[in-house]
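Good morning, and thank you for coming. I would like to present one protein structure today, beginning with a pocket and then turning to the chain as a whole.

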Amino acid sequence: MCGNNDLFYLGFDLSTQQLKCLAINESLRIVHTETISFDEELPQYETNKGVYTEGDAIQSPVAMWLEALDLLFSKFTQHGFDLGKVKAVSGSCQQHGSVYWTQKADELLKGLKSSKGSLVEQLSPEAFSRATAPNWQDHSTGKQCREFEEAVGGPQELAHITGSRAHFRFTGTQILKIAEEESEAYAKTDTVSLVSSFLASVLSGQLTSIEEAEACGMNLYDVSKRKYDSKLLNLVDDDRKSIERKLRFSPIHCDEPVRLGSMCSYFVDKYGFSKDCAVYPFTGDNLATICSLPLEKNDVLVSLGTSTTILLITDQYHPSADYHLFIHPTLPNHYMGMICYCNGALAREKIRDHLNGGPTNDWTPFNDAVNDTTLDNDDEIGVYFPLGEIVPSVPAVYKRAKFDPSSGHIKQFVDAFADERHDAKNIVESQALSCRVRISPLLTSTVPVEGLTKDLNVRFDYDDIPLTEYYGRRPRRAFFVGGASKNNAIVNKFIQVLGATKGNYRLETPNSCALGGCYKAIWSHKYHEKQTTARFDHFLSEKFPWDEVEHIRDSDNASWHHYNEKILPLSELEASLPKH
């Protein structure tokens, strides 16, 4: 008999540049890792950073992923890892990408045998109607994006239906482009998989349906009705029954774990997997990221990288054309909100360099300004967008204003503040405040409204809601990741502005996508086998290695209330910005 910690669960991460796989034990500790770097280890495909680029079209060779999977498992066995002790697998894949299978694909998958050669020898090219898969970086579908939005009455209406406005990378626009421009390949396509369902299909040796949370990244799925939208399907294909068949009809719902099957006999015979090793649905990379932490309703994950990304857990379906909502991959009746900003670290670095008189890595003057309580900016608001911004949707612009703190209304726009140190403090405040007002409609945790003498509606993007809504909504916990999360001045300002009521945390997340896959695998298997009845977030919280997470500090109520006074002026400032 194996002890509990001799049983393992695998989590995959098939990203643009590499295939990674982690193994965890029953205590959720990582016990083994293997990685295949596509450019370096599979040079015969001649990819650059994992893709082929031709103008705006960016794609990846599907055969390369098959070879990478064989190579990955070979590394596991070469390094003495016993894959026979793996109980279940799940994972994460780059979102939105799509794989196009022929009618022979299911038969070929079911017929995979280690004695017949490698995966690529048995499946490529015969199983695929296209040799490549569109990558999330692809920007070639502008025409199709316009068609999608026009079909339903505009970007906000498309977001209301599918959780997002039309995007170049989203799968529906990609399928439409292939149907329009590659009619022969589209006609030969029997099944369209997302990258996540492609990998699950190969591992289980049968074509599997798309996972529901992933389907929300297609611009095809009606999130509130939980089915593909007929009008959007008809846009892609006049024969709606045909496109429904290609998508394998309904996605796999996320209400509770669904066992797709057992590990394909090819992997059992070649690499020693148990024939009982369970395969559970794979999901997208951002969705897997929220599964790498025990996030509960009203928790927020703030990624302070080159760009700023906010992920939060909500039970409110409040869509907007300026952000994304996905069905949660493991929590019934919940969603993942995702807000992406272009102007994160780059915008702050420009001000840092200006303060230092030139390019530098020295953050001291910038941080000192952010931390300086004597630097009075209580009547100042500014936006700093060296790049065109997504939220709000505006071109590159810098704009500063002075406002009346007693009324909140802007008094005048100015070219500069008293000195350049004000810009350091104002940029961090405005970035954090933008995050705060965008997540507010998705939060249900309320606090007493204080200091508001007159209520009025405030507009941000497509939302026109009472100021009390912003004064009374606070996140539960905030988790900070990414390069700038190591900067205490920046993080502390975000803590003051966001005002999480149950603590603020910081952690390193180098393996978040694969780790989310691991956690999804172990919980899915134990829930499916009736070894636990706990919800995913509760199951993970109980077992989670909290010793690896830094509790930064609790929020300061006075500071949070102080920043209420900048909500109205930020709204007025954004309303004055030029539009795309």
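**The second largest pocket**

The second largest pocket has 19 lining residues, and those nearest its centre are Ser406, Ser407, Leu452, Thr453 and Tyr471. Please bear in mind that what we are viewing is a predicted model. The space in this second largest pocket is about 350 Å³.

Which helices each supply at least two residues of the lining? They are helix 18, covering 467–471, helix 22, covering 557–564, and helix 23, covering 567–575. Of the contributions to this lining, the largest share is that of helix 23, with three residues. As for chemical character, the lining residues of the second largest pocket comprise eight nonpolar, eight polar and three charged.

Let us now turn to the whole protein. Its secondary structure consists of 23 helices and 26 strands. The radius of gyration is 25 Å, close to the 25 Å that the globule rule gives for 580 residues, so the protein is as compact as a globular protein of that length. Measured out along the principal axes, the C-alpha trace spans about 75 × 55 × 45 Å.

How much of the protein is buried? Buried residues account for 61% of the 580 residues. At the surface, the protein exposes about 22000 Å², and 46% of that area is supplied by carbon and sulfur atoms.

Finally, I come to contacts along the sequence. Among contacts in the protein with a separation of 6 or more, 72% are between residues 24 or more positions apart.

Thank you for your attention.

Methods. Residues are numbered from 1 along each chain as its sequence is written. This is a predicted model: local features need pLDDT of at least 70, side-chain atom pairs count only at pLDDT 80 or more; totals for chains, interfaces and linings use all residues. Side-chain values use heavy atoms; hydrogens and water are left out. On a 1 Å grid over the protein atoms alone, a cavity is a set of points where a 1.4 Å probe fits but cannot get out, and a pocket is an open set with protein on both sides within 12 Å along at least five of seven lines; lining residues have an atom within 4 Å of a point. Grid points are joined across faces, edges and corners, and a volume is the space filled by probe spheres set on the points. Helices (H or I, at least four residues) and strands (E, at least two) are DSSP runs, numbered from the N terminus. Ala, Val, Leu, Ile, Met, Phe, Trp, Tyr, Cys and Pro count as nonpolar, Asp, Glu, Lys and Arg as charged, and the others, Gly among them, as polar. The radius of gyration is taken over C-alpha atoms; the globule rule is 2.2 Å times the number of residues to the power 0.38. Buried means under 20% relative accessible area, exposed over 50%, partly exposed in between (1.4 Å probe, protein chains only). Contact means heavy atoms within 4.5 Å. Accessible areas come from the Shrake-Rupley method with a 1.4 Å probe; for residues, only the protein chains shown count as cover.
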